[in-house]
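Here is a short walk through one protein model. Keep the sequence and the coordinates side by side as you read.

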Amino acid sequence: MFGLLNIDKPQGMTSRDVVNVVQRVIRPVKVGHAGTLDPLATGVLILPVGRATRLTDLIHKVSKTYVAIFELGKVSETEDIEGEIEIRDVRDIPDLESVQRVVAGFCGRQLQRPPAYSALKINGKRAYSLARRGEKVELKSREIEILQIRILTYDFPILQLEVECTSGTYIRSLGRDIGEQLNTGAVMTGLRRTAIGNFTVEQAIAPDFSSPQSVASSLHNPLQILDGFHRTLLNEQQQQQLFHGRRIDLNDIPGDMTLGISSEEQLLSVLVRVRETTSFQPAKNFFDC
């Protein structure tokens with residue numbers, strides 16, 4: 001098997017839970033996930049299957065879209081409603097114009113401090129494990145990019161946003177920072193990932209598989225989600241060279257990476273430039289043996 005599953009993750013399941021559901025059906029074929037969703041969140045979860053698990057790093061580079069609901073006037077250590085809630089006394093309720101101005105200010109590249117209750121590691125240990133033990137967790141801010149952000153509804157204390165962003169963005173931390181600027185605080189009460197690239201939640205399916213055949217019939221061609229990457233149509237001679245791990249010469253490639261594909265629109269190889277030459281070598285091959 002080789003391809004991607006577009007799963008609509010149910011609330012209450014971890015991303016690993018969903019992987020395990022599929023893994024039990026198709027073992028020993030490998031299954032992974034590209035982009036973790038917290039148990040509270042629902043929506044698009046991409047599961048690479050078989051050799052497609054080697055594409056996870058590329059899928060992480062694809063933008064993600066979310067619809068998030070925040071409640072102003074509250075804060076929590078987890079930055080969502082799963083933590084202990086502290087009520088804020090909001091004397092000046094922000095009007096729509098003020099909220100629009102603050103929200104719009106978060107569009108673009110910026111540094112974001114990840115939440116203490118996250119799966120990031122500190123000295124080999126998960127941050128959330130340390131935080132749950134009462135240890136002080138200080139995570140370094142990381143660069144993210146909010147590509148688009150807009151208000152869907154606002155009726156204090158409820159604020160609903162649609163956010164398109166790069167991988168590594170924490171939506172609950174975005175709500176935290178918006179709440180801080182509004183002087184109200186905020187906790188995330190709901191999150192749904194509506195898209196990863198052109199894989200939408202409307203096309204997603206439930207993690208309910210009864211056989212390996214049911215999984216295989218649901219797989220998508222990885223090229224569908226990697227449409228933003230440069231592609232090179234490989235002839236038979238080039239395919240033979242790459243199959244044996246050899247380099248090939250390619251002209252007019254704009255960057256240092258290209259996806260080698262067949263005339264049948266199948267991904268055959270991820271090619272990377274050799275230093276500053278016109279030679280490209282296979283970083284990952286997906287030829288049928």
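The paragraphs below take the cores, then a sheet, then a helix and its two ends.

The model is predicted. Start inside. The largest nonpolar core holds 26 residues. Within this core, I149, L161, V163, I171 and I178 have the most contacts. Both strands and helices feed it. At least two of its residues come from each of β3 (64-72), β9 (142-155), β10 (158-165) and β11 (186-196), and the same holds for the helices α3 (96-104) and α5 (171-181).

Now centre the view on L161. Which residues does L161 touch, leaving aside those up to four places away in sequence? Its contacts include Y66, V67, A68 and F70. V103 is touched as well. So are I149, R150, I151 and L152. I178 completes the list.

A second core lies separate from this one and has 21 residues. Among them are L4, A34, I261 and V270.

Turn next to an open sheet of five strands. The order is β13-β15-β16-β17-β14, and the pairing is mixed. Strands of a sheet pair through backbone hydrogen bonds, in either the parallel or the antiparallel sense. Walk across from the β13 end. β13 and β15 are parallel and share three bridges. Here R231 faces L259 of β15. β15 and β16 then run antiparallel, joined by five bridges. I261 has L267 in β16 as its bridge partner. These two strands form a hairpin with five residues between them. In that hairpin E265 adopts a positive phi, near 60 degrees. β16 (residues 267-273) also pairs with β17 (residues 279-285), antiparallel and again over five bridges. R273 sits opposite F280 in β17.

Why does one side of β13 and of β14 lack a neighbour in the sheet? β13 (231-233) and β14 (248-249) are at the edges and each has a single partner strand, so one side of each is left open in this sense. What of β15, residues 257-261? Four of its five residues are buried, so the strand is largely enclosed by the rest of the structure.

Last comes helix α7, residues 236-243. What caps the N-terminal end of α7? N235 does, with a side-chain oxygen 3.2 Å from the backbone nitrogen of Q237. After the helix comes G245, with a positive phi near 80 degrees.

How values were computed. Residues numbered from 1 in each chain as written. Predicted model: local features only at pLDDT ≥ 70, side-chain atom pairs only at ≥ 80, totals over all residues. Heavy atoms only, no water. Polar contact = N/O pair within 3.5 Å; in protein donor to acceptor, adjacent residues only side chain to side chain. Core = buried A, V, L, I, M, F, W, Y, C linked by side-chain atoms within 4.5 Å. Buried < 20%, exposed > 50% of the residue type's maximum accessible area, 1.4 Å probe, protein only. Contact = heavy atoms within 4.5 Å. Pairing = 2+ DSSP bridges.
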